[in-house]
Amino acid sequence: MLASVLFHGTAAQTTHVVGNALGWNIPPNGPSAYTTWASTQAFRVGDVLLFNFITGFHNFAEVPHAAYGPRTNANPIYIATTGPLESP
C-alpha cells in the first residue's frame, strides 16, 4: 500500500506598517531610516506591507528588479497615488 501525506504550512500573515510611526514620508535623516526599520523586521512570503501616506502628498511605485537598483520608476508595475490617510 502506498500512502501520501501533504503538509501545509499554517504560518500567519503579518502586516508590516512601513516605517512604523514615521509612515511613508521623507525622513529628516534621509532614506536610511527605512533601512534601519527594515533591519528590525522578519519578512515572510505572504506578508503585507502597508504604506501609510497622505493622498496628494506622497505615493509609491512597485518597480521591476532592474529598476530598483538604479532607483528609477521607468516602466512601473504599479503606482499607488491614493493612500490610506487623508490630508490634514
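Q: Is H16 buried or exposed?
A: This is a predicted model, so everything here is computed from it. The cut-off for buried is under 20% relative accessible area. H16 has a relative accessible area of 5%, so the label that fits is buried.

Q: Which side chain joins H16 in a polar contact of 2.9 Å?
A: Start with where H16 sits: it is found in strand 1, which covers residues 15-17. Leaving out residues up to four places away in sequence, H16 touches a list of residues including W37, Q41, D47 and V48. The polar contact of 2.9 Å joins the side chain of H16 to that of D47.

Q: What pattern does the chain follow, read along the sequence?
A: Let's step back to the whole chain. Its secondary structure comes to two helices and four strands. Put in sequence order, the pattern is β-α-β-β-α-β.

Q: How many of the chain's contacts between residues at least 6 apart join residues at least 24 apart in sequence?
A: The chain has 88 residues, and 17% of them count as buried. As for contacts between residues at least 6 apart in sequence, the share that joins residues at least 24 apart is 56%.

Q: Which residues of helix 1 are buried?
A: Helix 1 spans residues 32-39. The face turned away from its buried side carries the exposed residues T35, T36 and S39. What covers the buried residues includes strand 1. Those buried residues are A33, Y34 and W37.

Q: Within what arc do the buried residues of helix 1 fall?
A: The residues in question are A33, Y34 and W37. Look down the axis of helix 1: they line one face of the helix, because they fall within an arc of 95 degrees.

Q: Which residues make up the largest nonpolar core?
A: Two of the buried residues of helix 1, Y34 and W37, turn up here too. The core has six residues in all: V18, Y34, W37, F51, F53 and A80.

Q: Is F53 buried or exposed?
A: Not counting residues up to four places away in sequence, F53 touches W24, H58, N59, F60, A80, T81, T82, G83, P84 and L85. F53 also belongs to the largest nonpolar core. Its relative accessibility is 2%, and buried means under 20%, so F53 counts as buried.

Q: What kind of aromatic pair do F53 and F60 form?
A: The count for the structure comes to four aromatic pairs. For F53 and F60, the rings are 6.0 Å apart centre to centre, with 85 degrees between the planes. Planes over 60 degrees apart get one particular name, so this pair is edge-to-face.

Q: Which residues do ring pairs link into a cluster?
A: F53 and F60 form an aromatic pair, which gives us two names to begin with. Ring pairs link these two with others, and the full cluster is F51, F53, F60 and Y78.

Q: What is the phi of N20?
A: N20 is found in the loop between strand 1 and helix 1. N20 is partly exposed, since its relative accessible area is 46%. Although N20 is not a glycine, its phi is positive, at about 50 degrees.

Q: Is N75 buried or exposed?
A: N75 has its place in the loop between helix 2 (65-68) and strand 4 (78-80). Its C-alpha atom is separated by 9.9 Å from that of A61, 14 residues apart along the chain. The relative accessibility of N75 is 66%, and the cut-off is over 50%, so N75 counts as exposed.

Methods
Residues are numbered from 1 along each chain as its sequence is written. This is a predicted model: local features need pLDDT of at least 70, side-chain atom pairs count only at pLDDT 80 or more; totals for chains, interfaces and linings use all residues. Side-chain values use heavy atoms; hydrogens and water are left out. Buried means under 20% relative accessible area, exposed over 50%, partly exposed in between (1.4 Å probe, protein chains only). Rings of Phe, Tyr and Trp (its six-membered ring) pair if their centres lie within 6.5 Å; planes under 30 degrees apart count as stacked, over 60 as edge-to-face and the rest as tilted. Contact means heavy atoms within 4.5 Å. A polar contact is a pair of N or O atoms within 3.5 Å; within protein, one must be able to donate a hydrogen and the other to accept it, and residues adjacent in sequence count only if both atoms are side-chain atoms. A nonpolar core is a set of buried Ala, Val, Leu, Ile, Met, Phe, Trp, Tyr and Cys residues joined through side-chain atoms within 4.5 Å. The arc is that of the directions from the helix axis to the C-beta atoms.
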